[in-house]
Amino acid sequence: MNIDSIHNGIVIDHIDAGRAMQIYSLLHLERLDCPVAIIKNASSSKMGRKDIIKIDADYNVNLDVLGYISPNSTVNIIKNGVRVEKKHIQLPERLVDIVLCKNPRCITTTEQEIHHIFKLTDPEKRIYRCIYCDTKAPEL
Amino acid sequence: MKHLIDILDLSVGEIDELIELAESIIAHPENYRESCKYKKLATLFFEPSTRTRLSFEAAMLELGGSVLGFSEAQSSSASKGESVSDTVAVVSGYADIIAMRHPKEGAPLVASMHASVPVINAGDGGHNHPTQTLTDLLTIKREKGHFDHLTIGLCGDLKFGRTVHSLIAAMSRYADVRFYLISPEELKLPSYVKTAYIKDKKIPYIQTTSLESCISELDVLYMTRVQRERFFNEEDYIRLKDYFILTPEKMTLAKEDLCVMHPLPRVNEISTAVDSDPRACYFKQARYGKFIRMALILKLLEANA
Ligand SMILES: [Zn+2]
């Protein structure tokens, strides 16, 4: 894979520098068979430094993960070597099954088959809280 | 209102309606004796809390309904590993309304997502206990006549006492309220509660370690237990606990119409010599708990009829 150009796939750009590996792990990109490139600390005129993830396959990315980890990132959809769509990310209102509650007294630790849901309670500080026990989502 | 899980799910208007209904029940109990005839309340108590369970059961019985349930996880299907969701899905077929107490935070919310009948949170660990807060509010309304223009002292364990946090949250929605936060340094109100319900709302408050110094200012005094296990060592506990014990001597400094409350059970934070003081409202408070639960059961069954 030539990391500069992909034919069909997506490029997640403008990721806050240092955040790419978190996105990689929360999106479970290790499960993909296709080529995946992570570029750390690329220079950016806008951000100084940024991370980039390129996935060389048609991949339906969970935008909530990006919004949670790095809300200023952008998603470029590439078809036949041409960018056909650019998606801007928003801070998601809810995180569903993205992170787990760390509170040992929370019902999510014992109840099987329950969705782990966090609600955005403070958009300014980007604070999410567990809907079951109100515990803050784990620090990034 | 389909369920009651968190006191903040209720608007001020909905709380007013519940209190109005509870007052109407207090004034004319005979009018409500058959309101829930042929209806069943299931009390699913995954951990024991005799006081709360009896209050719910008395409430349903006084409305002419009947009750069923269990009062500890050992005697229930939970001990066999059945989930909360499955338990309430089954019980929804037997009862018209559920009151659930559970040691895990959020269990009643999970229950409400899987029950086809209304679910009332009767306490989920140290998290929420909305019917206690409704009880506290009805007591304040009955004893003071209004919620606004009140100076409320909260005394004892303000750090872990969830009923205190909920009461502050609920009272902070009324006009011209002020708080005295009276606790040992170790058991101060957590800053997130202070920020969300006091500072952000620009409510005047004073933080102090001395009940004696401020008792004369108070319209309502809400006492809580200071538990030995909250302290690192016995000396600190012994040294501090007396500051937060209400005695007849301290009561001489208080206003004539002070209303002293306590969620009960008490250990020794209110001397029994205070019980005969007409300003001691904590046993009345327990009785009001039954009436507000009657109002709540009625509203929830009505809304889902
Ligand atoms: Zn939780």
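In this predicted model, residue B:P265 is located in the loop that runs between strand β9 (259–261) and helix α11 of chain B. The peptide bond that leads into this proline, from B:L264 to B:P265, is cis, and its omega angle is near 0°.

Helix α11 of chain B, residues 282–303, also takes part in a helix pair. Its axis comes within 8 Å of the axis of helix α2 of chain B, residues 50–62, and the two axes cross at roughly 60°. An angle of 65 to 115 degrees would count as roughly perpendicular, and one under 35 degrees as roughly parallel. α2(B) and α11(B) are therefore oblique to each other. The crossing of α2(B) and α11(B) is right-handed. On the α2(B) side, the residues in contact are B:T52, B:S55, B:F56, B:A58, B:A59, B:M60 and B:E62. On the α11(B) side, they are B:G289, B:K290, B:R293, B:M294, B:I297 and B:L301.

Two further helices of chain B are linked through charged side chains. The side chains of B:K141 and B:E23 form a salt bridge, with a distance of 3.2 Å from N to O. B:K141 belongs to helix α5 (residues 130–144) and B:E23 to helix α1 (residues 12–27), both of chain B, so the pair ties together parts that are 118 residues apart in sequence. Over all chains, the structure holds 15 salt bridges.

The surface of chain B was also examined for nonpolar side chains. Residues B:L68, B:V90 and B:Y94 make a nonpolar surface patch of about 260 Å². Of these residues, B:Y94 is placed in the loop between helix α3 (84–91) and strand β3 (97–102) of chain B.

Chain A contains two helices and eight strands. Their order along the sequence is β-α-β-β-α-β-β-β-β-β. The pattern thus begins with a strand, and five strands in a row close it. The C-alpha trace of chain A spans about 50 × 30 × 25 Å along its principal axes. One residue of chain A is notable for its backbone: A:R126 has a positive phi of about 55°, although A:R126 is not a glycine. A:R126 is found in the loop between strands β7 (117–122) and β8 (127–130) of chain A.

Notes: Residues are numbered from 1 along each chain as its sequence is written. Chains are lettered from A and ligands numbered from 1 in the order in which they are written. This is a predicted model: local features need pLDDT of at least 70, side-chain atom pairs count only at pLDDT 80 or more; totals for chains, interfaces and linings use all residues. Side-chain values use heavy atoms; hydrogens and water are left out. Patches are made of residues with over 30% relative accessible area and no salt bridge: like charges are joined within 9 Å, nonpolar side chains (Val, Leu, Ile, Met, Phe, Trp, Tyr) within 5 Å. Accessible areas come from the Shrake-Rupley method with a 1.4 Å probe; for residues, only the protein chains shown count as cover. A salt bridge is a side-chain nitrogen of Lys or Arg within 4 Å of a carboxyl oxygen of Asp or Glu. Helices (H or I, at least four residues) and strands (E, at least two) are DSSP runs, numbered from the N terminus. Axes are lines fitted to C-alpha atoms, for helices over the stretch in contact, and angles run from 0 to 180 degrees between N-to-C directions. Angles under 35 degrees count as roughly parallel, over 145 as roughly antiparallel, 65 to 115 as roughly perpendicular and the rest as oblique. A crossing is left-handed if the near helix is turned anticlockwise from the far one by less than a right angle, and right-handed if clockwise. Contact means heavy atoms within 4.5 Å.
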